[in-house]
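Me: I have a chain here and would like to go through its fold piece by piece. Please keep the answers short.

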Amino acid sequence: MHYGNWWTVALSESVNDERPLAVVCDGEEIVLFRGPGGEACALEDRCPHRRVPLALGVVKPGGLQCGYHGWTFDGATGACTAIPNLHVDERVPPRYAARAYSVAEGQGFVHVWIGAGAPSGELPSAAYLAAGREFTGTAIANIAYDEYLAVMLDGPQCLLAFDGVRITDFFLGDARTEEGRIVLDRGAVWKTGMLPPAFVTDHPLIVRTTLPLAGGGIRVELLTADEEAVVTVFIGASANRRGTTSLCWRGYLQPRRLQAAPLRWSAARAAGRRPFRVAHAVDGAAIAALLVAPSRELAAARAGHVPASLPAQRQA
Ligand code: FES
């Protein structure tokens, strides 16, 4: 059985009460929209009548109306609330319901509970507290989800970049487990116009990657050597179709001035240029060349992880 987790499926601003949004998360096809009170709703993206994607429909005051025959489904329960041309004496049979998911919103993300068990535990983005100008985005990356997590540990430079910074291959200690997450620090240096040396021993920066043992909320931070945050990025990642990965992210630059930064970096920040980029297209050759190292520990930890939603007798 697939035990449940909260998954980060969309940016809050991507979900509205006008156009439904289709997403694929952990292999499940879901349609998101907002109900009459502005609450985010999630239904299986298949009409229970003829299996047409509900994302092709329209949002109405009573819920999401299928674009084919016009049945309407309540966003909170999935119950069919209206069928066109139904006689005034006829009632909608309760079995005509779409599958509804539990939804929670926080830190500018929409989260959906996928799998068995009652929703529990903190939201993946709970620790993401933006304190500066935010930069956001979404993408479907051309890499399978499990590999996305592995590469985020073995070679994060293949998946994202911090402007003006070179992420090195030098680990600053072993991967460690903290509160149900794997954390790895890696040395980073400011880019210069000169050719970089093959081995760098002085790392003025740290790239800290934090990956969950369950669910797909990834945190990547650029820190000074004194572990003061410079840039913080939170990425919601999950399996999409055909070996691809759904991504949505928010990140921000710490508002305080960084004294030790190169002039060019400071000028780019003053001009409002984005401090990081999340890759949409992944370089297969670069990934194939990566050593499989800390991702082994992640795979082992995820395999042995007991989900919070597991019934008590199974946790013993
Ligand atoms: S397929 Fe949706 S109402 Fe018929």
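**Strands, burial and a pocket**

Reply: One turn makes a good start. β15 and β16 form a hairpin with 2 residues between them, and Glu-179 in that turn has a positive phi of about 50 degrees. Keep in mind that this is a predicted model.

Me: How many bridges pair β15 with β16?
Reply: β15 covers residues 176-178, and its pairing with β16 is antiparallel. Arg-176 has Val-183 as its bridge partner in β16. The number of bridges between β15 and β16 is 3.

Me: Which residue of β17 stands opposite Arg-186?
Reply: β16 also pairs with β17 (residues 205-212), in the antiparallel sense over 8 bridges. β14 (residues 165-171) pairs with β16 too, antiparallel over 4 bridges. There, Phe-171 stands opposite Arg-186. In β17, the residue opposite Arg-186 is Val-207.

Me: How many of the 10 residues of β16 are buried?
Reply: Buried means under 20% relative accessible area. β16 spans residues 181-190, and it is largely enclosed by the rest of the structure. The count of buried residues in β16 is 9 of the 10.

Me: What is the strand order in the open sheet of 3 strands?
Reply: Pairing in this sheet is antiparallel. β1 and β10 (103-106) stand at the edges, each with a single partner strand, so one side of each has no neighbour in the sheet. The twist averages 30 degrees from one strand to the next. The order is β1-β11-β10.

Me: Over how many bridges do β1 and β11 pair?
Reply: The two strands run in the antiparallel sense. Leu-11 has Phe-109 as its bridge partner in β11. The pairing of β1 and β11 extends over 6 bridges.

Me: Which residue of β11 is the bridge partner of Ala-104?
Reply: β10 and β11 (residues 109-114) run antiparallel and are joined by 4 bridges. In one of the pairs, Gly-106 is matched with Phe-109. For Ala-104, the partner in β11 is His-111.

Me: Which residue takes a positive phi in the hairpin of β10 and β11?
Reply: This hairpin has 2 residues between the strands. The phi in question is near 55 degrees. The residue is Gln-107.

Me: Are the faces of β11 covered or open, and how many of its residues are buried?
Reply: In a regular strand the side chains alternate between the two faces of the sheet. In β11, Phe-109, His-111 and Trp-113 lie on one side and are buried. Val-110, Val-112 and Ile-114 lie on the other and are buried as well, so both faces are covered. β11 is largely enclosed by the rest of the structure, with a buried count of 6 of the 6.

Me: Is Ser-120 buried, partly exposed or exposed?
Reply: Ser-120 sits in the loop between β11 and β12. Its C-alpha is 8.0 Å from that of Asn-5, although the two are 115 residues apart in sequence. Ser-120 has a relative accessible area of 29%. Buried requires under 20% and exposed over 50%, so Ser-120 is partly exposed.

Me: How many of the 10 residues of α1 are buried?
Reply: Helix α1 covers residues 145-154 and is mostly covered. Among its buried residues are Tyr-145, Tyr-148, Leu-149 and Met-152. The count for α1 is 8 of its 10.

Me: What percentage of the residues in the protein chain is buried?
Reply: The chain has 5 helices and 21 strands. Its C-alpha atoms fill a box of roughly 80 × 50 × 35 Å along the principal axes. Of the 316 residues in the chain, the buried share is 47%.

Me: What is the volume of the second largest pocket?
Reply: The volume comes to about 360 Å³. Of the 25 residues that line this pocket, the closest to its centre are Ala-22, Val-23, Val-24, Asn-240 and Ser-246. The lining divides into 14 nonpolar, 7 polar and 4 charged residues. The volume asked for is about 360 Å³.

Me: Which domains each supply at least three residues of the lining of the second largest pocket?
Reply: Strands supplying at least two lining residues each include β1 (5-11), β2 (21-25), β12 (134-141) and β20 (245-253). At the level of domains, the contributors of at least three residues each are domain 1 (5-114) and domain 2 (134-303).

Key. Residues are numbered from 1 along each chain as its sequence is written. This is a predicted model: local features need pLDDT of at least 70, side-chain atom pairs count only at pLDDT 80 or more; totals for chains, interfaces and linings use all residues. Side-chain values use heavy atoms; hydrogens and water are left out. On a 1 Å grid over the protein atoms alone, a cavity is a set of points where a 1.4 Å probe fits but cannot get out, and a pocket is an open set with protein on both sides within 12 Å along at least five of seven lines; lining residues have an atom within 4 Å of a point. Grid points are joined across faces, edges and corners, and a volume is the space filled by probe spheres set on the points. Ala, Val, Leu, Ile, Met, Phe, Trp, Tyr, Cys and Pro count as nonpolar, Asp, Glu, Lys and Arg as charged, and the others, Gly among them, as polar. Domain bounds come from an automatic or database domain assignment. Two strands pair if DSSP finds at least two bridges between them. Axes are lines fitted to C-alpha atoms, for helices over the stretch in contact, and angles run from 0 to 180 degrees between N-to-C directions. Buried means under 20% relative accessible area, exposed over 50%, partly exposed in between (1.4 Å probe, protein chains only).
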